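The following paragraphs lead through one protein structure, from a single residue outward to the chain as a whole. Please keep the sequence and the coordinates in view while reading.

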Amino acid sequence: MRRIVVIFLALQLVHGVGICPPESELIRDGECRGNYTRISTTGKEGLKTVISKCSEIQAHPVYIHNYEQQSYWIWQSQMTDEKSIIMGLMCDVDSKKWIWSDGSEVDYKTWFYAQDLDRDCNTEYTWVIGTDGLWNF
C-alpha cells in the first residue's frame, strides 16, 4: 500500500498538480491558466488592478498569441458572471501601439476585434475578451 501512495504522489509532482495557483490548471510545460480572482473594474483602473493581482502570485494577465489561447479564454469567459475576461493589452505611450503588459507585441489578432486595436492606442481603455471571442473595451 505504501508504494502505491508514493507512486501516486510522484505522479502528482511529475504532472504538476499543486504548482498552479488556486482556480488555475496546468496546461503544459509549466504553463498555468485560469481565473485566480474575479475583477469587475473597467477603464484604465481595470488593467492596473489585474496586473497588481497577478503580480501577487507571480502570474500575468491574459495574453493571446495564438488560436489555441484564444479558444481557451473564450471558454473561460463563458464561466464568468460578466461573460468577459480582462486582457493584458496596454498602451505603449511612446509608440502609440497596443502591446501586452509583459512588453511583447500583439502578434495575433482574432478575426473579430474592435478596430481601435489598429489605431493609435488610448490609455483609458481596458480590453476584454467575451464569450463570442470579440476583443473589446
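Is Trp100 buried or exposed? The model is a predicted one, and in it Trp100 has a relative accessible area of 0%. Because residues under 20% count as buried, Trp100 is buried. This residue is found in strand S5. Leaving out residues up to four places away in sequence, Trp100 touches a set of residues that includes Val62, Tyr63, Ile64 and His65. Met87, Gly88, Leu89 and Met90 are also among the residues it touches, as are Glu105, Val106 and Trp135. Tyr63 stands 37 residues from Trp100 along the chain, yet 6.5 Å separates their C-alpha atoms.

The aromatic residues extend this picture. A pair of aromatic rings is described by the distance of the centres and the angle of the planes. Across the whole structure, 9 aromatic pairs are found. One of them is formed by Tyr72 and Trp73, an edge-to-face pair with 4.9 Å centre to centre and 85 degrees between the planes. Tyr72 counts as buried because its relative accessibility is 10%, and Trp73 is buried with a relative accessible area of 7%. Tyr108 and Trp135 form another pair, which is tilted, at 6.4 Å centre to centre and 55 degrees between the planes. This pair links distant parts of the chain: Tyr108 belongs to the loop between S5 and S6, Trp135 belongs to strand S7 (residues 135-136), and these positions lie 27 residues apart in the numbering. Tyr108 and Trp135 are both buried. Ring pairs also join Tyr108 and Trp135 with Tyr63 and Trp100 in a cluster.

Tyr72 and Trp73 lead to helix H3, which spans residues 67-77. Besides these two aromatic residues, Gln69, Gln70, Ile74, Gln76 and Ser77 of H3 are buried. The N-terminal end of H3 is capped by Asn66, with a side-chain oxygen 3.1 Å from the backbone nitrogen of Glu68.

Gln70 in turn leads to Thr110. Thr110 is placed in the loop between strand S5 (97-100) and strand S6 (128-130), and its relative accessibility of 4% is why it counts as buried. The side chains of Thr110 and Gln70 are joined by a polar contact of 3.3 Å. When neighbours within four places in sequence are set aside, Thr110 is in contact with Gln70, Gly133 and Trp135.

The loop between S5 and S6 also takes part in a covalent link. A disulfide is a covalent bond between the sulfur atoms of two cysteines. The whole structure has 1 disulfide, which joins Cys91 to Cys121 with an S to S distance of 2.0 Å. Its torsion about the S-S bond is about 55 degrees, so the disulfide is right-handed. Cys91 lies in strand S4 (residues 89-92) and Cys121 in the loop between S5 and S6, so the bond ties together parts 30 residues apart in sequence. Cys91 and Cys121 are both buried.

The chain as a whole gives these details their setting. It contains 3 helices and 7 strands, arranged along the sequence in the pattern α-β-β-α-α-β-β-β-β-β. Of its 137 residues, 34% are buried. Among contacts with a separation of 6 or more, 53% are between residues 24 or more positions apart. The chain exposes about 8,700 Å², and carbon and sulfur atoms supply 54% of that area.

Notes:
Residues are numbered from 1 along each chain as its sequence is written. This is a predicted model: local features need pLDDT of at least 70, side-chain atom pairs count only at pLDDT 80 or more; totals for chains, interfaces and linings use all residues. Side-chain values use heavy atoms; hydrogens and water are left out. Helices (H or I, at least four residues) and strands (E, at least two) are DSSP runs, numbered from the N terminus. Buried means under 20% relative accessible area, exposed over 50%, partly exposed in between (1.4 Å probe, protein chains only). A polar contact is a pair of N or O atoms within 3.5 Å; within protein, one must be able to donate a hydrogen and the other to accept it, and residues adjacent in sequence count only if both atoms are side-chain atoms. Contact means heavy atoms within 4.5 Å. Rings of Phe, Tyr and Trp (its six-membered ring) pair if their centres lie within 6.5 Å; planes under 30 degrees apart count as stacked, over 60 as edge-to-face and the rest as tilted. Accessible areas come from the Shrake-Rupley method with a 1.4 Å probe; for residues, only the protein chains shown count as cover. A disulfide is a pair of cysteine sulfur atoms within 2.5 Å.
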